[in-house]
Amino acid sequence: MAPSPDIKAVLGKLKRPAPVRKLTDPLQLILWDNIGYLIDDERRAELFAEFEERVGLGAEAIGAARAATLFDIAKRGGMHPEERVKRWRTIAKIVGEDAGGDLTATLKRLPVAKARALIKRFPTFSDPGADKVLLLAGIDARPAVESNGLRAMLRLGLIEEGASYGASYKAAIACLASAGEPARAWYTNAYWTLRAHGQALCKRTAPLCAKCPLDKVCAHETLKGQY
């Protein structure tokens, strides 16, 4: 069995690509995740730009938008467009009713735990999404990782599989925190780097191990293809 690397060594060997669209506004980050279903970043960026042009990125504009316009965008974002339109309306309603129309100001004013709880009220958002928004929006310097990055961490042997996704996620967050680099820039780099590695090389099916710079220290052989 290959020795497990540490998280700093892993990040030091991987390249971080620039995100397709860099977002730091909390509402925009939430809309980005809800703009489509099982679509790649390029397609997501196209739909997001169209949404911005035809509807606007503010809660008031979303709430006032014509249903036909929203559905026209939603139907090109994957399955269940009706549900996606409902989610957009819900997002606008939460911002208007629970954040006074200004989500950024509200999140910055709240204690971090309450800010995290508010984000988790939005459609499709749980702990991983809330942590991502707090980090990328500059509200709290905290570790965050999404499913592609988590899969890579499991395969590399950086963390052990938990009894649930939530347990594995907590282990990943603890691993990142253990690096002793509690700065937003470091955690942001870790988020995007691990995500990109999981998408490009450490894929769910048919991972490109031969091209991976970490193959010699990866524990994937002991996991029997579970991830």
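**Figure 1. The whole chain, helix by helix.** Helices and strands here are DSSP runs, numbered from the N terminus, with at least four residues for a helix and at least two for a strand. Counted that way, this predicted model has 12 helices and 0 strands in its chain. Reading along the sequence, you get the pattern α-α-α-α-α-α-α-α-α-α-α-α. The C-alpha trace spans about 60 × 35 × 30 Å along its principal axes. How does the radius of gyration fit with a compact globule? For 227 residues, such a globule would come out near 17 Å, and the chain has 18 Å, which agrees. Of those 227 residues, 47% count as buried. Now take the contacts in the chain with a separation of 6 or more: residues 24 or more positions apart account for 60% of them.

**Figure 2. Helix 2 meets helix 3.** Two packed helices are described by the angle between their axes and the distance between the axes. Here, helix 2 covers residues 26–34 and helix 3 covers residues 41–54. Their axes come within 9 Å and cross at roughly 120°. That angle makes helix 2 oblique to helix 3. The crossing of helix 2 past helix 3 is right-handed. On the helix 2 side, look for Gln28, Leu31, Trp32 and Asp33; on the helix 3 side, the contact uses Asp41, Arg44, Ala45, Phe48 and Phe51. Sort the residues of this contact by type and you find 5 nonpolar, 1 polar and 3 charged.

**Figure 3. Helix 2 again, this time with helix 6.** Helix 6 takes in residues 81–98, and its axis comes within 10 Å of the helix 2 axis. Are these two helices roughly parallel or roughly antiparallel? They cross at roughly 165°, and angles over 145 degrees count as roughly antiparallel, so helix 2 and helix 6 are roughly antiparallel to each other. Helix 2 makes a right-handed crossing with helix 6 too. Leu27, Ile30, Leu31 and Asn34 are the helix 2 residues to find, and they meet Arg84, Arg87, Trp88, Ile91 and Val95 of helix 6. By type, the residues of this contact are 6 nonpolar, 1 polar and 2 charged. If Leu31 rings a bell, that's fair: Leu31 also takes part in the contact with helix 3.

**Figure 4. Helix 10, mostly covered.** How many of the 10 residues in helix 10 are buried? The count is 9, in a helix that runs over residues 147–156. The buried ones are Asn148, Gly149, Leu150, Arg151, Ala152, Met153, Leu154, Arg155 and Leu156. What do they pack against? The partners are helix 1 (7–13), helix 11 (165–177) and helix 12 (184–200).

**Figure 5. Gly78, out in a loop.** Gly78 sits in the loop between helix 5 (67–74) and helix 6. With a relative accessible area of 31%, Gly78 is partly exposed. Leaving out residues up to four places away in sequence, Gly78 touches Tyr37 and Arg84. Arg84 is one of the helix 6 residues from Figure 3. For a sense of distance, pick Gln28, which is 50 residues from Gly78 along the chain: the two C-alpha atoms are separated by 19 Å.

**Figure 6. Thr69, tucked into helix 5.** Now hop over to Thr69, which is found in helix 5. Is Thr69 buried or exposed? Its relative accessible area is 13%, and that makes Thr69 buried. Again leaving out residues up to four places away in sequence, Thr69 touches Arg54 and Val55.

Methods
Residues numbered from 1 in each chain as written. Predicted model: local features only at pLDDT ≥ 70, side-chain atom pairs only at ≥ 80, totals over all residues. Heavy atoms only, no water. Axes fitted to C-alpha atoms, helices over the stretch in contact; angles between N-to-C directions. Parallel < 35°, antiparallel > 145°, perpendicular 65-115°, else oblique. Left-handed = near helix turned anticlockwise from the far one by under 90°. Contact = heavy atoms within 4.5 Å. Nonpolar A, V, L, I, M, F, W, Y, C, P; charged D, E, K, R; others polar. Rg over C-alpha atoms; globule rule 2.2 N^0.38 Å. Buried < 20%, exposed > 50% of the residue type's maximum accessible area, 1.4 Å probe, protein only.
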